[in-house]
Amino acid sequence: MSPNVITTPVRAMLVLGTRPEAIKLAPVARAMAASPLFEPIVVTTGQHREMLHQMLELLQIEARTELDVMRDRQELSTLTARLVDGLGEVVRAEHPDVVVVQGDTTTALTGALAAFYEHIPVAHVEAGLRTGVADNPFPEELNRRLIGRMARWHFAPTPRAAEHLTGEGVPAAEVFVTGNTVIDNLLWVLGEGGGRNHFESGLRRVLVTLHRRENQGDKMRAMGRTLWRLADRGDVEIVLPLHKSPAVREALLPELTGHPNIRVVEPLGYLDFSATLAGCDLVMTDSGGIQEEAPSLGKPALVLRSTTERPEAVEAGAAKLVGTEPEAILAAAVQLLDDRELYERMATAGNPFGDGHATDRIVAQIAEDFGADADAAAADDALAVPQSNGPGSYSTA
Ligand code: UD1
Ligand code: UDP
C-alpha cells in the first residue's frame, strides 16, 4: 500500500500517560470505539502508575500497549528519553494513520515527537493554551508550544486558544475550536452517577488539590500552613486528595496532619472526585483540569498559581488567580466564604470551556480529513490521506 493511501477504519493511536490525559482522551476513545470509521489504538506510557490506572476504565477499551516508564521522583530529561525511545518503537510497530496527543505533558510531547519522526500526522487535543511565560507552568508551557509546531490538527478548546495558534503562524485551516473534552467526560460521568462525595460534615466544604512542580518545596509548605489557618476558622471542612508525587507529599503532609477539619485522602477515582467536586462549596487548586471543571458545576475556583493558561474562567468571573503568597490566598478564601454576593456572582458566572460536544467535533474533523464516511466504511474503500500530512507541510512557524 502506498504511504498516501489508507483504508477505513482510520487507525488512530491515542497516546496517554497521566491522569488528566486519560480523563480528557477518554471520550475520544469511547467515540472512536463506537464508530465504524475508526480503530482506536490506546497506548499508555505509564508516566503515572496508580493515578493513571485509576482512570483507565473511563476509556472503556483496553490499552493495546503499555510502557512502564514511571520512576520514583522522575527527572524530566530521563523520563523524556525513555518515552521517545519507547514510543518510537510502538509507533513503528503499529504504524497508525494518526497519533492523537492531549495537552502538555511529557507523554504528549514525546508522543508527538515519536509520530513526527515516523512521518505520522499528529492531532493535538487541547491545543493553543498559553500563559505567555516560557517556564511557567514548568515545563508544560514549553511542551505545548513545541507540540504546536508538530501537529497537523490543532483542536483548540476556546477561540482565544485558536487565536494563539494562528498568531504563531499555524494555518487557520488546521485550527478548530471544539471546546474541551474534559466537559464531555464530566457530563458523561455525572450522568452515569454512582460517585461518593467525600465531604462528611455540615461545614463549608473546601476542596483542595496541589501538585505543580513550580509550587513544590517552600511555596507548597507555606500553602499547607495557610490551609491549616483557614481550617482554624472552625466553620470549614477541607478535603485534599493528595497527589502521589513524593515531593508533594513531603511538602504537605507535615503541615496538614492532625487538624480535625482537614482530611487528606488518597487520589480519588473520577466518579468520586466529580461527586466531591459537585458537593463542595469552593475549590482551591493549582490543577489545570479542575479550573475547567469547577465552573461547569458552579463552583468558584481560587487558582493558587502566578499564571494561568485558562484566563477564560477568570475573565468570566468563575475563577480568581490569587497567586502563591499565603496572605493573599487566605484573604481570597475568607472573602469568598464571607461575602455571599461575591460567592453567588462567581458560582453563576458559567463555563467558558465548551458545551459537552468537543469530542464529536474532533472525531468528525479527523474522519472528514481522511475522507472517511459511513458509506466508505461500508464499502471499505481506499481513502486519501490529507495532502498536508507530509513532513514538509507541518507548521514550522
Ligand atoms: C505531570 C504533568 C503535569 C500534570 C500532572 C498531572 C509533565 C511534565 N507534567 O506532572 O502537566 O499536571 O502530571 O497530575 O508531564 N507518582 C506516583 N504514582 C502516580 C503518579 C506519580 O508515584 O500514579 C509519583 C512518581 O514518583 C513520579 C512523581 O509522582 O516521579 C511525579 O510524576 P510526574 O508525572 O513526573 O509529575 P509532574 O511532572 O509533576
Ligand atoms: N482528579 C481526580 N481525582 C483526584 C484529583 C483530581 O479524578 O483525586 C481529576 C480532576 O477531576 C481533573 C484531573 O484529575 O480532571 C486533574 O488532574 P491533575 O490536577 O493531576 O492535572 P492537571 O489538570 O493539572 O494537568
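This passage looks at how the two domains of the chain meet and then at one helix, H13. The model is predicted, so local features need pLDDT of at least 70 and side-chain atom pairs count only at pLDDT 80 or more, while totals for chains, interfaces and linings use all residues. Residues are numbered from 1 along each chain as its sequence is written, and chains are lettered from A and ligands numbered from 1 in the order in which they are written.

The domain assignment, which is automatic or from a database, divides the protein chain into domain 1 (5-179 + 357-393) and domain 2 (196-347). Taken over C-alpha atoms, the centres of domain 1 and domain 2 are 30 Å apart. Contact (C-beta atoms, placed from the backbone, within 7 Å) links 18 residues of domain 1 with 17 residues of domain 2. On the domain 1 side, helix H1 (19-34) and helix H2 (50-53) are the elements that give two or more residues; helices here are DSSP runs of H or I with at least four residues, and strands are runs of E with at least two, numbered from the N terminus.

Helix H13 (residues 326-338) has 13 residues, and its end C-alpha atoms lie 18 Å apart, which agrees with the 18 Å expected at 1.5 Å a residue (1.5 Å times one less than the number of residues). Its buried residues (20 or more other C-beta atoms within 10 Å of their own; exposed means 12 or fewer) are Ile329, Ala332, Ala333 and Leu336. These lie on the same side of H13 because they cover an arc of only 95° around the axis, taken from the directions from the helix axis to the C-beta atoms. Glu327, Ala331 and Asp338, on the other side of H13, are exposed. Among the partners that the buried residues of H13 pack against are helix H8 (218-231) and helix H14 (340-347).

Key:
Two residues are in contact if their C-beta atoms, placed from the backbone, lie within 7 Å.
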